Amino acid sequence: MHTETLKLRLRGAAHDNEHVRLNAFIGQLDALLNALNRTECMLSGNERATLHYRVTDLSHSSPATITLSAVGPEDASNLPGKVISTLFGGVKMLMEQGKAPQEFDRSTLEAYKGLAGPLKRSISSLTIIVNETECEVTSGLSRAIDDVLGPDVLANGTLKGELEAINIH
């Protein structure tokens, strides 16, 4: 599946007549961009994302839907499709199986967790659509990621060695 487009469908809370609040809309788009950029960095091995995303369709008719197209440099012709399919497949696996793809690192999972952040407060439902296949994102995404990452483990101990430099801000 090498598509370069992704749709995001949002429905506002009932107390807002299912209209999406601007701050929630911007927050959700920011969380999606963060997840897309993190996915690209994980796949490419680069520290900075090189793809950009164009809004190719925007509809307010209930529910609000935005279509994004991924665009990359000429030398990365298959990267846009790979990023979109990896994000969609990863979210779908986490939502349906409670597992993450093996190549996902902690920072990628934390970025995906951000997708579920605005849910319940002012967004009642969020759906990601790729190639007409839908995946509804719920608060279960956060729980699945927490389960995959496991609990924080604290241990008392010592460390022996030399400190070469210290940077204090």
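So, helix α2: which of its residues are buried? Quite a list, actually: L79, P80, G81, V83, I84, S85, T86, L87, F88, G90, V91 and L94. Keep in mind as we go that this is a predicted model.

Let's stay with α2 for a moment. The helix covers residues 79-97, which is 19 residues. From the first C-alpha to the last, α2 reaches 26 Å, and that's close to the 27 Å you'd expect at 1.5 Å a residue. Then, just after α2, you come to G98, and this glycine takes a positive phi of about 70°.

Okay, zooming out. How many helices and strands does the protein chain have? Four helices and five strands. If you walk along from the N terminus, the order is β-α-β-β-α-α-β-β-α. Put a box around the C-alpha atoms, along the principal axes, and you get roughly 60 × 45 × 35 Å.

Now for burial across the whole thing. The protein chain has 169 residues, and 40% of them are buried. As for contacts, take the ones between residues at least 6 apart in sequence: 66% of those join residues at least 24 apart.

What about the outside? The accessible surface of the protein chain comes to about 10400 Å², and carbon and sulfur atoms account for 48% of that. On the charge side, we've got 16 positive side chains and 21 negative ones. The centres of those two sets lie 5 Å apart.

Last stop, two glutamates with backbone angles worth a look. Where does E18 sit? You'll find E18 in the loop between β1, residues 5-12, and α1, residues 22-44. Its phi is near 65°, so to speak on the positive side, in a residue other than glycine. E18 is partly exposed, because its relative accessible area is 35%, and partly exposed runs between the 20% and 50% cut-offs.

The other one is E132. That residue lies in the loop between β4, at 123-130, and β5, at 133-137. E132 also isn't a glycine, and it has a positive phi of about 65°. Is E132 buried or exposed? Exposed, since its relative accessibility is 68% and the cut-off for exposed is over 50%.

To wrap up, then: α2 with its buried residues, L79 and F88 among them, a chain of four helices and five strands, and two loop glutamates, E18 with a phi near 65° and E132 with a phi of about 65°.

Definitions and conventions. Residues are numbered from 1 along each chain as its sequence is written. This is a predicted model: local features need pLDDT of at least 70, side-chain atom pairs count only at pLDDT 80 or more; totals for chains, interfaces and linings use all residues. Side-chain values use heavy atoms; hydrogens and water are left out. Buried means under 20% relative accessible area, exposed over 50%, partly exposed in between (1.4 Å probe, protein chains only). Contact means heavy atoms within 4.5 Å. Accessible areas come from the Shrake-Rupley method with a 1.4 Å probe; for residues, only the protein chains shown count as cover. Lys and Arg count as positive and Asp and Glu as negative; His and the chain ends are not counted. The place of a charge is taken as NZ of Lys, CZ of Arg, CG of Asp or CD of Glu. The expected span of a helix is 1.5 Å times one less than its number of residues.
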